[in-house]
Amino acid sequence: MAEGLARALDEMARRDVDVLVLGREGNARFVSEATRLWLAGTRPFAPGCVVVRETGAVHLLSVTDFGIPAEIPPARLYPMSWNPANIMGAVAGIPGVTGAHRIGVDGLTPLFEQLFTATFPNAQLVDGEAVMRAARRVKSAAAIERIRAAISVAEDALGAAVEALRPGVREVELKGVFEERMCQRGTTTPAFEGAFCVVDGDRPIRRLVSGRVIAAGDLVAMRAGVLLDGWEGSLARTRPCDAPTAEHRDRSSRWRDEWTLLVERCRSGVRVDDLRATEGASVHGVGLGYEGLEDGTALEPGMVIQLELGSNGVLGADTLLIGDGGTEVLTAFPHAAGGE
């Protein structure tokens with residue numbers, strides 16, 4: 001049995017959830033290890049994966065067994081349909097689903113809520129995303145290595161964008177350089193919409209890339225990431241166009257002081273909302289794509305988080321592995337250009 005599925009089944013038993021109906025691809029891949037179409041954006045909820053606690057089986061929405069592990073036979077695949085009622089009929093036909101008393105879902109639309117209620121009138125709908133967050137929170141050694149591999153691709157692609165940073169280049173061209181190198185390294189799926197944006201003084205740092213031409217002396221915030229076989233590698237760095245000025249060095253120095261203190265606080269037992277209390281700071285889980293962390297969640301050994309700080313016109317983000325006695329920074333790309 002795959003480790004991800006075992007963790008999900010254990011969490012289902014702990015929370016007394018009979019069936020999980022999953023629409024988020026990261027959750028589906030965690031329990032199935034299947035490689036299906038992954039989008040870089042959002043899409044409406046649909047029951048794309050079903051986990052049954054009684055049988056320990058995973059069933060997938062798929063019209064082909066390509067990318068589906070051998071442990072999931074074709075009999076456990078159910079077809080797509082333009083009619084949502086047909087999809088719900090296929091889900092209801094899965095052994096162990098019809099008699100379920102508690103069904104966990106990781107998302108819903110009004111239509112599917114009505115269909116669930118009509119199809120399973122005696123079942124209670126519960127928060128399946130909470131089940132999956134608990135199962136995915138602490139990473140295995142194998143998962144950490146796959147995150148490291150994704151980070152390696154993201155760092156190489158960001159390095160290509162930094163090399164392309166010169167007067168006259170447009171923001172959108174830097175994004176193109178990043179994505180071209182990303183594809184050359186074996187993945188075509190960004191973790192999110194990359195941002196390569198000129199910093200305008202003390203204004204909030206933009207996150208939407210434009211056709212703006214970058215001039216000598218501009219400070220450019222770069223935030224980008226990749227999904228390699230579904231696993232996220234991402235980071236953020238800020239670089240000057242041409243030689244850094246005294247102002248750039250001053251901004252970088254003040255940011256680095258804040259950043260050092262913030263990273264030092266990322267230890268087991270510290271609550272996520274305590275980190276977010278720092279102005280300009282954000283934190284979320286990293287694994288099979290973005291993993292949400294609610295306020296009140298305490299860091300624990302084995303968690304992998306993305307820590308970001310935007311301050312003094314400088315943006316930086318690293319991926320951190322929380323350990324028993326300290327924190328390991330998994331991203332190695334330098335925060336400052338050589339000589340700063």
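The following exchange asks what lies behind some terms used for this predicted model.

Residues are numbered from 1 along each chain as its sequence is written. In this predicted model local features need pLDDT of at least 70 and side-chain atom pairs count only at pLDDT 80 or more, while totals for chains, interfaces and linings use all residues.

Me: Why is the protein chain called as compact as a globular protein of that length?
Reply: The globule rule is 2.2 Å times the number of residues to the power 0.38, and the radius of gyration is taken over C-alpha atoms. For 340 residues the rule gives 20 Å, and the radius of gyration of the protein chain is 22 Å, close to that value, so the chain is as compact as a globular protein of that length.

Me: What makes the buried residues of helix α4 line one face?
Reply: Buried means under 20% relative accessible area and exposed over 50%, with a 1.4 Å probe and protein chains only. In α4 (residues 110–119) the buried residues are Phe-112, Leu-115 and Phe-116. Seen down the axis of α4, they fall within an arc of 100°, so they line one face of the helix; the arc is that of the directions from the helix axis to the C-beta atoms. On the other side of α4, Pro-110, Gln-114 and Ala-118 are exposed.

Me: Which elements do the buried residues of α4 pack against?
Reply: They pack against β1 (19–22), α3 (84–92), β5 (102–105) and β6 (124–127). Contact means heavy atoms within 4.5 Å.

Me: How much of the protein chain is buried?
Reply: Buried residues make up 50% of its 340 residues.

Notes
Heavy atoms only, no water. Helix = DSSP H or I, 4+ residues; strand = E, 2+ residues; numbered from the N terminus.
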